[in-house]
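Subject: Structure for you to look through

Dear colleague,

I am handing over the structure that we talked about, with the sequence beside it. Please open it first and then read the notes below with the model in view.

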Amino acid sequence: MATGVTTGPPDWRRMVEGFSRTAENYSATMAPSLRTMAVAVVQRAQLQVGEMILDAGTGTGVGAAASLTRGRTVFGVDAAAGMLAIARREVPGARFVRADFNHLPFASHFFNVVISVHALHFAVDPVATLEEWRRVTRPGGRLSLSVPGPRSALSLKLYDPIFRRYGVVRRMQVPTRAKLIAWARAAGWQQMEVFADPTTVIRLAGPDSFARWMRTASRSDTTRAMSRERFAALEADLMAATPIGPDGLLHIPFGTLYLKAHN
């Protein structure tokens with residue numbers, strides 16, 4: 001089985017490099033909340049004893065970890081070396097491969113199930129990516145994934161006016177329920193089901209965690225040109241706007257759309 005790295009366009013490569021560079025921050029801030037989504041993705045996949053599972057865009061391995069029981073073989077694929085270093089450390093029972101999830105180094109029909117936790121929305125061409133995930137899935141196999149959404153549940157309304165005030169324009173491809181189904185159908189998947197949970201959030205313990213979240217992936221890249229003082233002011237304004245949940249933690253609105261489909 002060959003392994004490789006991303007060969008996508010410059011924006012894709014920069015994003016992968018950003019995730020790799022800030023992987024420890026991601027692990028400390030995003031990953032704990034994404035474990036809830038990972039469990040839901042795995043439950044919806046209805047995994048069986050002994051199945052071969054692919055976690056596409058595995059990141060720090062939260063989806064792979066949620067799949068690892070009952071004699072299953074789990075592969076996790078990600079292009080970000082920094083993410084995979086954490087995944088290998090934290091999920092030693094899975095097999096992790098550094099590769100572009102748009103061009104998988106596996107034979108056709110290799111897996112029973114493909115899962116993916118909040119990764120598809122980073123694809124340059126989501127339909128082509130879903131076609132590639134279908135290629136490696138056996139006839140009768142399943143797909144189960146999550147992406148952020150619906151759009152009304154995200155932090156865009158809360159944070160974007162503040163970002164714009166500081167001259168920062170964020171671009172995030174967030175599919176609607178209809179678009180997610182259309183992508184899957186165009187890629188050849190069948191029997192699509194979409195479920196929306198607008199209540200999911202990213203939970204952060206306080207200022208230190210929020211600071212690390214601000215220095216993760218795209219947020220780190222879009223604010224890199226700022227002076228230290230201006231970045232600190234932006235961070236303070238964003239944190240001040242963030243709701244406090246009943247658990248006393250910062251709750252960043254996120255939301256989740258779940259898709260299940262069959263090959």
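The notes that follow go through helix packing, the core, some single residues and the backbone.

Please keep in mind from the start that this is a predicted model.

**Helices that pack against each other**

A good place to begin is with helix H7, which covers residues 156-165, and helix H11, which covers residues 228-241; the two pack at an angle of about 160°, and their axes are 10 Å apart. Angles over 145 degrees count as roughly antiparallel, and H7 and H11 are therefore roughly antiparallel to each other. Their crossing is right-handed. On the H7 side the contact is made by Leu158, Tyr159, Ile162, Phe163 and Arg165, while H11 contributes Arg230, Leu234, Asp237, Leu238 and Ala241. Sorted by class, the contact of H7 with H11 holds seven nonpolar and three charged residues, with no polar ones.

H11 also meets helix H9 (residues 207-214), and here the axes come within 11 Å and cross at roughly 120°. That angle makes H9 oblique to H11, and the crossing is again a right-handed one. From H9 the residues in contact are Pro207, Phe210, Ala211 and Met214, and from H11 they are Phe231, Leu234, Glu235, Leu238 and Met239. By class, this contact of H9 with H11 has eight nonpolar residues, one charged residue and no polar ones. If you compare the two lists, you will find Leu234 and Leu238 of H11 in the contact with H7 and also in the contact with H9.

The third pair is made up of helix H6 (residues 126-135) and helix H8 (residues 177-186), whose axes come within 8 Å and cross at roughly 50°. That makes H6 oblique to H8, and the crossing of H6 and H8 is right-handed. Pro126, Val127, Leu130 and Glu131 in H6 meet Trp183, Ala184 and Ala186 in H8. The contact of H6 with H8 divides into six nonpolar residues and one charged residue, with no polar ones.

**The nonpolar core**

Which residues touch the most other members of the largest nonpolar core? Among the 83 residues of that core, they are Leu54, Leu130 and Trp133. Helix H3 (residues 31-45) supplies the largest share of this core, namely eight residues. When residues up to four places away in sequence are not counted, Trp133 touches Ala56, Phe101, Leu104, Val114, Ser116, Leu120, Leu143, Leu145 and Trp189. Leu130, which was named above for its place in the core, is also one of the H6 residues that meet H8.

**Two buried residues to look up**

Ser67 lies in helix H4, which covers residues 62-67, and Ser67 is buried, with a relative accessible area of 0%. Leaving aside neighbours within four places in sequence, Ser67 is in contact with Val42, Leu47, Ile53, Arg72, Val74 and Ile115. Ser67 and Ala38 are 29 residues apart in sequence, and their C-alpha atoms are 8.8 Å apart in space.

Thr223 sits in the loop between helix H10 (217-222) and H11, and with a relative accessible area of 5% Thr223 is buried. Outside its neighbours within four places in sequence, Thr223 is in contact with Val168, Phe231 and Leu234. Thr223 and Val201 are 22 residues apart in sequence, while in space they are 23 Å apart, C-alpha to C-alpha.

**Points along the backbone**

Gly149 and Pro150 are joined by a cis peptide bond, with omega about -10°, and Pro150 lies in the loop between strand S5 (137-148) and H7.

For His118, phi is near 50°, which is a positive value in a residue other than glycine. His118 is found in the loop between strand S4 (111-117) and H6. Is His118 buried or exposed? The cut-off for buried is under 20% relative accessible area, and at 6% relative accessibility His118 counts as buried.

Gln191, which is placed in strand S6 (residues 190-197), also has a positive phi, near 50°, and is likewise a residue other than glycine. Gln191 is exposed, with a relative accessible area of 57%.

With best wishes

How values were computed:
Residues numbered from 1 in each chain as written. Predicted model: local features only at pLDDT ≥ 70, side-chain atom pairs only at ≥ 80, totals over all residues. Heavy atoms only, no water. Axes fitted to C-alpha atoms, helices over the stretch in contact; angles between N-to-C directions. Helix = DSSP H or I, 4+ residues; strand = E, 2+ residues; numbered from the N terminus. Parallel < 35°, antiparallel > 145°, perpendicular 65-115°, else oblique. Left-handed = near helix turned anticlockwise from the far one by under 90°. Contact = heavy atoms within 4.5 Å. Nonpolar A, V, L, I, M, F, W, Y, C, P; charged D, E, K, R; others polar. Core = buried A, V, L, I, M, F, W, Y, C linked by side-chain atoms within 4.5 Å. Buried < 20%, exposed > 50% of the residue type's maximum accessible area, 1.4 Å probe, protein only.
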